[in-house]
Structure formats: structure tokens, C-alpha cells
Amino acid sequence: MADHTQPPGGTMGKIATFLFDRATGKATTSVHETAESVNHAAASADKLAHALHEVSVATHGAMPAVNNGLSTLQHANAALHQATNTVNKTAHSFDHALQTLQKLQKH
């Protein structure tokens, strides 16, 4: 019966087995490190997704106030335009009245 506990090929077989085991061990370590890095990246992505969700919720909550402020500014802008028109009409009326007074003074 063949002895399966010893690598074939004597010393060369032992060296080959040693190198194979070492390479396999390094590859296994590399795979474990890669998996650990992937898990770390996934955890970071989860944290980022949670933070973005919180920003989204906060932004959504702030939108009514922003819209209300914008509406108030639009109303104020319309009121300013109306006031400007009134001031211009009043100035025009004063000009007209002044011209009329000047004509009356000349006569």
C-alpha cells in the first residue's frame, strides 16, 4: 500500500508542498483581508446612506418653511411694486399741480 501521508517526490515534493501551503496560506489571508475591507466599505456605505436619509428628512421638514418664506417675499415684492407705482403717480400729480400753479402765477 502507498503511504499517502508523505508528499510524493521526496525533498522536492516536500519543498513543493511547503511552497504550495505557503502560497495557499497567503492567498487565504489575502481573501480574508479583502473580505474585511469589503465589509468595512459596506458599513461605511450604510453610514453614508443613513446620513443622507437624515439630510433628506431634515430638508423635507424645512421645505414648508422655505416655501412660506418665498411666498412672503413674493407678496412683499408685489406690495413694493404697488407702492412704487403709487409714489410715481403721486409725483406725476405733484408735477402737474406745480405746472398748473406756475401757469396761474404767470396770469
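**Exercise 1. Charges.** How far apart are the mean positions of the 7 positive and 7 negative charges of the protein chain?

*Solution.* Start with what to count: Lys and Arg are positive, Asp and Glu negative, while His and the chain ends are left out. Next, place each charge at NZ of Lys, CZ of Arg, CG of Asp or CD of Glu. The two mean positions then turn out to be 24 Å apart.

A word on the model before going on. It is a predicted one, where local features need pLDDT of at least 70, side-chain atom pairs count only at pLDDT 80 or more, and totals for chains, interfaces and linings use all residues. Residues are numbered from 1 along each chain as its sequence is written, and side-chain values use heavy atoms, with hydrogens and water left out.

**Exercise 2. Overall form.** Find the secondary structure and the dimensions of the protein chain.

*Solution.* First, look for helices (DSSP runs of H or I, at least four residues) and strands (runs of E, at least two), numbered from the N terminus. The protein chain has one helix and zero strands; helix α1 covers residues 10-106. Second, take the radius of gyration over C-alpha atoms, and for the globule rule use 2.2 Å times the number of residues to the power 0.38. The chain has 43 Å, whereas a compact globule of 107 residues would have a value near 13 Å. Third, box the C-alpha atoms along the principal axes: roughly 145 × 30 × 15 Å.

**Exercise 3. Burial.** Sort Arg22, His32 and Thr84 by exposure.

*Solution.* Here, buried means under 20% relative accessible area, exposed over 50%, and partly exposed in between (1.4 Å probe, protein chains only). Arg22 has 47%, so Arg22 is partly exposed. His32 has 55%, so His32 is exposed. Thr84 is at 41% and therefore counts as partly exposed. For the chain as a whole, buried residues make up 1% of the 107 residues.

**Exercise 4. Distances along helix α1.** Work out C-alpha separations starting from Arg22, His32 and Thr84.

*Solution.* From Arg22 to Gly10, twelve residues apart along the chain, the separation is 18 Å. Between His32, which lies in helix α1, and Ala49, 17 residues apart, the separation is 25 Å. Thr84 also sits in helix α1, and its C-alpha atom is 20 Å from that of Ser71, 13 residues apart.
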